[in-house]
Amino acid sequence: MNVDQLGHNKQLAERAYRIRRNALKMGEIQGQGYIAQALGIADVLAVAYFHALRYRPEEPEWEGRDRFLLSQGHYAIALYAVLIEAGVIPEEELETYGCDDSRLPMSGMATYTPGMEMSGGSLGLGLPISIGMALGLKRKKSSSFVYTMFGDGELDEGPTWEAALAGGHHKLDNLIAFVDVNNQQADGPSMEILRTEPLVAKWEAFGWYVQRVDGNDLKAVMTAFDNARELREPKPRIIICDTRMGHGVPFLEAREKNHFIRVDADEWTQALEALDAGRTR
């Protein structure tokens with residue numbers, strides 16, 4: 001590994017740390033939220049926004065941008081955290097999270113938030129919308145990519161698989177999806193609610209280029225994004241990211257149920273201290 005690559009890796013690790021810190025600070029404002037998901041997906045978002053995506057922070061609607069669609073509206077806190085780090089949203093707005101008249105509502109709304117391409121919340125819609133957007137960009141002969149993130153709970157939804165079929169049929173090589181497999185949803189462990197494995201074989205059968213990685217391994221995630229962008233086969237790409245809820249804060253990782261968490265006032269300080277301690281190791 002050369003010096004430039006080592007420096008880039010360290011920068012991505014710092015970005016991931018700051019994304020997690022932004023999410024914890026926002027969560028502290030409301031005293032609750034989908035914090036564990038934000039901590040778990042921070043590494044993937046750091047690679048997406050600071051290694052892969054093409055965008056202009058000062059011009060969120062720039063026509064030449066890569067599009068990033070967040071399907072899970074409840075993951076909005078994670079996207080706000082990265083948009084703040086990217087300079088799309090001013091850092092001072094962090095303090096308004098979930099408040100009246102804020103541009104950072106608790107569930108993602110594209111009409112309010114710069115840099116947010118779709119309003120999420122009705123699960124299973126992110127991939128279908130991305131299919132339409134990728135088709136539209138193809139017809140415009142745009143070189144932009146469409147990135148979309150959804151959760152393993154959305155693999156329970158019929159529209160996700162209809163979209164998977166359409167993506168393979170239309171050979172959408174400008175579409176890169178990634179799914180956060182953390183094995184938790186509102187009703188319990190995802191694999192107990194509805195078993196969707198074997199995921200790699202299923203997506204390959206639908207005509208996708210598939211990679212599966214540890215979503216908390218920055219180098220592995222970066223390699224997967226590079227492979228997806230550089231692939232010369234006419235097919236859509238998906239990265240299956242196995243992540244750990246609450247990653248970076250050990251006492252949150254250890255919670256049996258942390259799909260939606262409430263943290264006692266003193267625990268926010270403990271969470272930030274644990275995150276800072278991990279940064280120095």
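In what sense do E5 and E6 pair, and over how many bridges? E5 and E6 pair in the parallel sense, and 6 bridges link them. The model described here is a predicted one.

## The sheet

E5 and E6 belong to an open sheet of 5 strands, whose order is E2-E3-E4-E6-E5 and whose pairing is parallel. Two strands lie at the edges, E2 (67-70) and E5 (209-214), and each of these pairs on one side only. Between neighbouring strands of the sheet the average turn is 20°, with direction ignored.

Helix H4 (residues 126-139) packs on this sheet and touches E2, strand E3 (146-151) and E4. The direction of H4 makes about 175° with that of E3.

The pairings can be followed strand by strand. E3 and E4 run parallel and are joined by 6 bridges. In this pair, Gly-151 has Asp-180 of E4 as its bridge partner. Strand E4 (residues 175-181) also runs parallel to strand E6 (residues 237-242), and 6 bridges join these two. Here Ala-177 has Ile-238 of E6 as its bridge partner, while Asp-180 stands opposite Cys-241 in E6. Asp-180 therefore appears in two places in this account: as the partner of Gly-151 and opposite Cys-241. On the E5 side of E6, Tyr-209 has Arg-237 as its bridge partner.

How many residues of E4 are buried? The number is 7 of its 7 residues, and E4 is mostly covered. The side chains of E4 point in two directions: Leu-175, Ala-177, Val-179 and Val-181 go one way, and Ile-176, Phe-178 and Asp-180 go the other way. All of these residues are buried. In E6, 5 of the 6 residues are buried, so E6 is largely enclosed by the rest of the structure.

## Helix H2 and its two partners

Two packed helices are described by the angle between their axes and the distance between the axes. The table gives both values for two pairs that include H2.

| Helix pair | Axes come within | Crossing angle |
|---|---|---|
| H2 (residues 35-52) and H8 (residues 218-230) | 9 Å | roughly 50° |
| H2 and H3 (residues 76-86) | 8 Å | roughly 40° |

The axes of H2 and H8 cross at roughly 50°. That angle makes H2 oblique to H8. The crossing of H2 and H8 is right-handed. On the H2 side, the residues that meet H8 are Asp-43, Val-44, Val-47, Ala-48, His-51 and Ala-52. On the H8 side they are Leu-218, Val-221, Met-222, Phe-225, Asp-226 and Arg-229. Sorted by class, this contact has 8 nonpolar, 1 polar and 3 charged residues.

The axes of H2 and H3 cross at roughly 40°, and the two helices are therefore oblique to each other. H2 passes H3 in a right-handed crossing. From H2, the contact uses Ile-35, Ala-38, Ile-41, Leu-45, Tyr-49 and Phe-50. From H3, it uses Ile-77, Ala-78, Leu-79, Val-82, Leu-83, Glu-85 and Ala-86. By class, the contact of H2 with H3 has 12 nonpolar, no polar and 1 charged residues.

## Residues in the loops

Is Gln-72 buried or exposed? Gln-72 has 1% relative accessibility, so this residue counts as buried. Gln-72 lies in the loop between E2 and H3. Apart from its neighbours within four places in sequence, Gln-72 is in contact with Leu-123, Met-149, Phe-150, Gly-151 and Glu-154. Gly-151 has already been named as the bridge partner of Asp-180 in E4.

Two other loop residues have a positive phi although neither is a glycine. One is Lys-171, with a phi of about 50°, in the loop between helix H5 (158-169) and E4. Lys-171 has 46% relative accessibility and so counts as partly exposed. The other is Asn-183, with a phi near 60°, in the loop between E4 and H6. Asn-183 has 33% relative accessibility and so also counts as partly exposed.

Which residues does a cis peptide bond join? The bond joins Glu-197 and Pro-198, and its omega is about 5°. Pro-198 is found in the loop between helix H6 (190-193) and helix H7 (199-205).

Notes: Residues are numbered from 1 along each chain as its sequence is written. This is a predicted model: local features need pLDDT of at least 70, side-chain atom pairs count only at pLDDT 80 or more; totals for chains, interfaces and linings use all residues. Side-chain values use heavy atoms; hydrogens and water are left out. Axes are lines fitted to C-alpha atoms, for helices over the stretch in contact, and angles run from 0 to 180 degrees between N-to-C directions. Helices (H or I, at least four residues) and strands (E, at least two) are DSSP runs, numbered from the N terminus. Angles under 35 degrees count as roughly parallel, over 145 as roughly antiparallel, 65 to 115 as roughly perpendicular and the rest as oblique. A crossing is left-handed if the near helix is turned anticlockwise from the far one by less than a right angle, and right-handed if clockwise. Contact means heavy atoms within 4.5 Å. Ala, Val, Leu, Ile, Met, Phe, Trp, Tyr, Cys and Pro count as nonpolar, Asp, Glu, Lys and Arg as charged, and the others, Gly among them, as polar. Two strands pair if DSSP finds at least two bridges between them. Buried means under 20% relative accessible area, exposed over 50%, partly exposed in between (1.4 Å probe, protein chains only).
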